[in-house]
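Biologist: I am new to this one. Could you show it to me and walk me through how the pieces fit together?

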Amino acid sequence: MDNVRDKAANTREEPKPPFPVVPTTKILAIGQFTRTPTPEQIKDLFPKEVPATLRLYLAGKIDQWWIRQTQTGPVFLLNVTSLEEARGLMEKLPLGQAGLMKHEFIELGPLTPLHLLLGDVGAR
């Protein structure tokens, strides 16, 4: 009997989203320190972190960057379309390699309700 319920639960269709699916065009990477860096770590790692981050910016991988008002980590708008690439970039930075920084990644895409302005409401 449980198998029948399990099969029924697995065959249910997910409700259709109200808007069309759009491609990921950028990824927001929200950084947070895993622990407060010691003065020694700041002295050792930050002179490496800043140029490494600047290299990503100059390579076109970072579009914009900010610091959270709480000073708990940076926020990057990345010009990448895959979570794997975003993770790889952030993990290669010195703070990531030292295990002092983790990131939350949010995939971003074009604003979906804009399709309503095109008049082809049913098009996907």
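**A walk through the fold**

Modeller: Gladly, and let us start inside the sheet: strand 2 and strand 3 run antiparallel and are joined by five bridges. Please keep in mind that this is a predicted model.

Biologist: In what order do the four strands of the open sheet lie?

Modeller: The pairing is antiparallel throughout the open sheet of four strands. Strand 2 (62–67) and strand 4 (101–108) each pair on one side only, which makes them the edge strands. From one strand to the next the twist averages 20 degrees. The order is 2-3-1-4.

Biologist: How many bridges join strand 1 to strand 4?

Modeller: Strand 1 covers residues 26–33 and runs antiparallel to strand 4. Leu28 stands opposite Ile106 of strand 4. The number of bridges joining strand 1 to strand 4 is eight.

Biologist: And on strand 3, which residue is the bridge partner of Ala29?

Modeller: Strand 1 and strand 3 pair in the antiparallel sense, with four bridges. The bridge partner of Ala29 in strand 3 is Phe76.

Biologist: Which residues of strand 3 point the other way from Pro74, Phe76 and Leu78?

Modeller: In a regular strand, side chains alternate between the two faces of the sheet. Strand 3 is mostly covered, with five of its five residues buried. Pro74, Phe76 and Leu78 point one way, and the residues pointing the other way are Val75 and Leu77.

Biologist: Which residue takes a positive phi in the hairpin of strand 2 and strand 3?

Modeller: At one place in this pairing, Ile67 stands opposite Pro74 in strand 3. The hairpin has six residues between the strands. The residue there with a positive phi, near 60 degrees, is Gln71.

Biologist: Now the helices, please. At about what angle does the direction of helix 2 lie to that of strand 2?

Modeller: Helix 2 packs on the sheet and touches strand 1, strand 2 and strand 3 (74–78). Its buried residues are Leu45, Glu49, Ala52, Thr53 and Leu56, and they pack against elements including helix 3 and helix 4 (94–97). The angle between helix 2 and strand 2 is about 145 degrees.

Biologist: Where in helix 2 does the kink lie?

Modeller: The kink is about 40 degrees and comes shortly before the proline Pro47. End to end, the C-alpha atoms of helix 2 are 28 Å apart, which agrees with the span expected for 20 residues at 1.5 Å a residue. The kink lies at Leu45.

Biologist: Is Thr53 buried or exposed?

Modeller: Thr53 has its place in helix 2 (residues 39–58). Beyond its neighbours within four places in sequence, Thr53 is in contact with Ile62, Trp65, Phe76 and Leu93. Buried means under 20% relative accessible area. Thr53 has 8%, so it is buried.

Biologist: Which exposed residues does helix 3 carry on the face turned away from its buried side?

Modeller: Helix 3 (residues 83–92) lies across strand 1, strand 3 and strand 4. Ala86, Leu89 and Met90 are buried in helix 3, and they cover an arc of only 90 degrees around the axis, so they sit on the same side of helix 3. The face turned away carries Glu84, Glu91 and Lys92.

Biologist: One last spot: how far apart in space are Pro18 and Thr112, C-alpha to C-alpha?

Modeller: Pro18 is in the loop between helix 1 (2–11) and strand 1, and at 68% relative accessibility Pro18 counts as exposed. Pro18 and Thr112 are 94 residues apart in sequence. In space, their C-alpha separation is 9.4 Å.

Note on methods. Residues are numbered from 1 along each chain as its sequence is written. This is a predicted model: local features need pLDDT of at least 70, side-chain atom pairs count only at pLDDT 80 or more; totals for chains, interfaces and linings use all residues. Side-chain values use heavy atoms; hydrogens and water are left out. Helices (H or I, at least four residues) and strands (E, at least two) are DSSP runs, numbered from the N terminus. Buried means under 20% relative accessible area, exposed over 50%, partly exposed in between (1.4 Å probe, protein chains only). Contact means heavy atoms within 4.5 Å. Two strands pair if DSSP finds at least two bridges between them. Axes are lines fitted to C-alpha atoms, for helices over the stretch in contact, and angles run from 0 to 180 degrees between N-to-C directions. The expected span of a helix is 1.5 Å times one less than its number of residues. The bend at a residue is the angle between axes fitted to the seven residues ending there and the seven starting there. The arc is that of the directions from the helix axis to the C-beta atoms.
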